[in-house]
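User: I am new to this structure. Please pick one position, look closely at it, and then work outward to the rest of the chain.

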Amino acid sequence: MVPGSLIASELATHTLDVQLQNTTLQELFDMIEEQYNYSFLIRNNDIDLNEKVSVDTSGKSVEDILKTALKNQHADFVVNNNRIIVYKTTAKQTTAASAVRQATQQESKISGVVVDAMTGEPVIGANVLVKGTTNGTITDYDGNFTLNAPVGATLAISYIGYTALEVRATAGPMNIRLAEDTKALDEVVVVGYSVQKKESLTGAMQMASGQKLNSNTNPSVENMMMGKAPRCICEPW
């Protein structure tokens, strides 16, 4: 298989109708994934996804755009089963065939369940991402997830209200327990003339920082609050 080819030329015929000016590699990969049915695998996580690139895309294929964008990192790519495998050409194994072989050998179907560490209840819609790649999924109604990733890869798991967690992928079923972010839940929110903990608040709320209030020299509290939060109306009693 030839580096930068798609058995043999689909990427060579696809185009990307955007202007890339100071765009990160991660953003470029996301654009390609969104527009075409491919996902990226960064071999050994040795590509700097935050590097910014500027590419003239006019009249150029996705294949040419990727080659130009990866040039500074001495990297190349090969496509296998709708997956674009990016690898360092300066690595010990430099051929596209070896990149595909290693990626295929290392990858397996990783599965598991994400639950609340306190209650054991499934966490629905948690993000499970292979760190350093765009390969990820979300948990289903029962907290289960499945994705293709190398055994030993770092999985980043996150969900609103929970502390983000990183774990190593294992061959067997994984049981991942997310702990509540107690710092966020213990914040106190002023509701009318009482206070409630953030975790027990079910209605909408708006916040006005002390910095905003301190910038106002008006001695009247209600006047200081005016305009500091959407739909905030303060009237004196």
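Analyst: Start with A164. It counts as exposed, because its relative accessibility is 58% and the exposed class begins over 50%. Keep in mind that this is a predicted model.

Where does A164 lie? It sits in the loop between β10 and β11. Setting aside residues up to four places away in sequence, A164 touches I157 and S158. There is also a longer step to follow. A164 and E180 are 16 residues apart along the chain, and their C-alpha atoms are separated by 9.3 Å.

Now take the hairpin around that loop. β10 and β11 form a hairpin with six residues between the strands. Within this hairpin, G161 takes a positive phi near 90°. The two strands run antiparallel and are joined by four bridges. I157, one of the residues that A164 touches, stands opposite L165 in β11.

S158, also touched by A164, leads the other way. It lies in β10, and N127 stands opposite it. The partner strand here is β7, residues 127-130, which pairs with β10, residues 154-158. That pairing is antiparallel too, and it runs over four bridges.

Step back to the whole sheet. It is an open sheet of four strands, in the order β8-β7-β10-β11, with antiparallel pairing. β8 (136-138) and β11 stand at the edges; each has a single partner strand, so one side of each has no neighbour in the sheet. From one strand to the next, the twist averages 20°. As a general point, strands of a sheet pair through backbone hydrogen bonds, either parallel or antiparallel.

Follow the chain on from β11. The loop between β11 (165-168) and β12 (174-178) holds P173. Is P173 buried or exposed? It counts as exposed, because its relative accessibility is 75%. P173 and I110 are 63 residues apart in sequence, yet 7.4 Å apart in space, C-alpha to C-alpha.

Next, look at the other strands and the helix beside them. T24 belongs to strand β1. Unlike A164, which is exposed, T24 counts as buried, because its relative accessibility is 13% and the buried class is under 20%. Leaving aside neighbours within four places in sequence, T24 is in contact with L49, N50, E51 and K52.

K52 takes us to β3. Side chains alternate along this strand. V53 and V55 point to one face and are buried. K52 and S54 point to the other face and are not buried. β3 pairs with β1 in the antiparallel sense, over three bridges. In that pairing, T23 stands opposite V53.

Helix α2 comes next, at residues 25-35. Its buried residues are L25, L28, F29, I32 and E33. They cover an arc of only 135° around the axis, which means that they are on the same side of α2. In general, an α-helix has 3.6 residues a turn, so residues three or four places apart point the same way. What covers the buried residues of α2? The cover includes β1 (20-24), β2 (39-42), β3 (52-55), α3 (62-70) and β5 (83-88).

This brings us to the largest nonpolar core, which has 25 residues. L28, F29, L66, I84 and V86 touch the most other members. α2, β2, β3, α3, β4 (75-80) and β5 each give two or more residues to this core. α3 gives the most, with five. Look at I84 more closely. Not counting residues up to four places away in sequence, I84 touches L11, I32, Y38, S39, F40, L41, L66, F77, V78 and V79. There is a second, separate core of 17 residues; among its members are V114, Y162, I176 and L178. More broadly, nonpolar side chains in soluble globular proteins tend to be buried together.

Last, the whole chain. How many helices and strands does it have? There are seven helices and 14 strands. Of the 237 residues, 36% are buried. The chain exposes about 14,200 Å², and carbon and sulfur atoms supply 51% of that area. Consider contacts between residues at least 6 apart in sequence: 51% of them join residues at least 24 apart.

Notes: Residues numbered from 1 in each chain as written. Predicted model: local features only at pLDDT ≥ 70, side-chain atom pairs only at ≥ 80, totals over all residues. Heavy atoms only, no water. Buried < 20%, exposed > 50% of the residue type's maximum accessible area, 1.4 Å probe, protein only. Contact = heavy atoms within 4.5 Å. Areas by Shrake-Rupley, 256 points an atom, 1.4 Å probe, with all protein chains shown as cover. Pairing = 2+ DSSP bridges. Axes fitted to C-alpha atoms, helices over the stretch in contact; angles between N-to-C directions. Arc of directions from axis to C-beta. Core = buried A, V, L, I, M, F, W, Y, C linked by side-chain atoms within 4.5 Å.
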